[in-house]
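Reader: I would like a close look at one part of this protein and at what surrounds it. Please explain the terms as you go, since I am more at home at the bench than with coordinates.

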Amino acid sequence: MNAQLHLRSSYLPNHCILLPPTSFSSSHTFSVLNSSNENRILGLGRLGLNERILANRTVTKRKKSIRASAGVWDGWMPEKSSKAPPLSDIIWPSAGAFAAMAMLGKIDQILAAKGISMTIAPLGAVCAVLFATPASPGARKYNMFMAQIGCAAIGVLALTILGPCWLARSTALSAAMAFMIYTRSVHPPAASLPLLFIDGAKLHQLNYWYALFPGAAGCILLCLIQEIVCYLKENVKF
């Protein structure tokens, strides 16, 4: 069945242009219509997919911005997953710190005639690391002794070369940081040993013995006390 296509001219509104009959059948006409409808549906589907992708990207960006803003304040709050520690986890580390400083103070009385003190500030920080966070990397024996000896020696070397000045302090601290990172022995309390030696005139007489005393020598006593504190925390609960 032949189809005739009539086109109405925009310039001749009352007339129709009759085209000659073509060889297209009705089945071809329906197929053309169906293909055009399918293309239109596919186009709409693609538009809807693009809109969904853009919406998902917008939501993802908003979530990331919210997380970033929340992360800024996370460091100012306690850990959400952490629970209140039991009483024994508070008493025994505190008692260990008291015993450590008491013993070091008693040793100070013996060494008072030589003008040397064992109760230096870095050992107080070592007590906090050993007794309060015994599972942290800084509490490992390798980290502690390697950093204590190396950083103290760096302080002596910096004072010998540069003298007691700001350049010696900054150089010694940066070198101590590089030493701990390179040797994989990061122990935060040891970073203060170079500064303590450069500014402590009473310690200058020790010279390179400062690498072993009082820092490393005091850590031996603290390690013994730590073993007692860990035993009490595990076996004596409150």
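Author: Among the contacts in the protein between residues at least 6 apart in sequence, 68% join residues at least 24 apart, where contact means heavy atoms within 4.5 Å. This is a predicted model, in which local features need pLDDT of at least 70 and side-chain atom pairs count only at pLDDT 80 or more, while totals for chains, interfaces and linings use all residues. Residues are numbered from 1 along each chain as its sequence is written, and side-chain values use heavy atoms, with hydrogens and water left out.

The protein has seven helices and two strands, and from the N terminus on its elements run β-β-α-α-α-α-α-α-α; helices (H or I, at least four residues) and strands (E, at least two) are DSSP runs, numbered from the N terminus. Of its 238 residues, 28% count as buried, a word that stands for under 20% relative accessible area, with exposed for over 50% and partly exposed for what lies in between (1.4 Å probe, protein chains only). The accessible surface of the protein comes to about 16300 Å², of which 68% belongs to carbon and sulfur atoms; such areas come from the Shrake-Rupley method with a 1.4 Å probe, and for residues only the protein chains shown count as cover.

The part I have chosen is helix H5 (166-182). At 1.5 Å a residue, its 17 residues should span 24 Å, and its end C-alpha atoms are indeed 24 Å apart; the expected span is 1.5 Å times one less than the number of residues. Seen down the axis of H5, the buried residues fall within an arc of 85°, so they line one face of the helix, the arc being that of the directions from the helix axis to the C-beta atoms. The buried residues in question are Ala168, Ala172, Ala176 and Met180. An α-helix has 3.6 residues a turn, so residues three or four places apart point the same way. The buried residues of H5 pack against H4 and H6, whereas the face turned away from them carries the exposed residues Trp166, Ile181 and Tyr182.

Trp166, which belongs to H5, is exposed at a relative accessible area of 64%. Together with Leu157, Ile161, Leu162, Leu167 and Tyr208, Trp166 makes a nonpolar surface patch of about 640 Å². Patches are made of residues with over 30% relative accessible area and no salt bridge (a side-chain nitrogen of Lys or Arg within 4 Å of a carboxyl oxygen of Asp or Glu); like charges are joined within 9 Å, and nonpolar side chains (Val, Leu, Ile, Met, Phe, Trp, Tyr) within 5 Å. Helix H4 (141-162) and H5 each supply at least two residues of this patch, and H4 gives the most, with three.

H4 therefore deserves a word as the neighbour of H5: its 22 residues should span 32 Å at 1.5 Å a residue, and its end C-alpha atoms are 31 Å apart, which agrees. Its buried residues include Asn143, Met144, Ala147, Gln148 and Cys151, and what covers the buried residues of H4 includes helix H3 (121-132), H5, H6 and H7. Just after H4, Gly163 takes a positive phi of about 80°.

Beyond the other end, H5 is followed by Arg184, whose phi is positive, near 55°, although Arg184 is not a glycine. Arg184 is found in the loop between H5 and H6 and counts as exposed at 68% relative accessibility. His187 is found in that loop between H5 and H6 as well, but at 0% relative accessibility His187 counts as buried. Leaving aside its neighbours within four places in sequence, His187 is in contact with Val126, Gly138, Asn143, Met144, Ala147, Gln148 and Met180. Met180 is one of the buried residues of H5, and Asn143, Met144, Ala147 and Gln148 are among those of H4.

Further along the chain, the loop between H6 and H7 holds Asn207, a residue other than glycine with a positive phi near 55°, which counts as partly exposed at 39% relative accessibility. In the loop between helix H6 (193-199) and helix H7 (215-235) there is also Pro214, and the peptide bond from Phe213 to Pro214 is cis, with omega near 5°.
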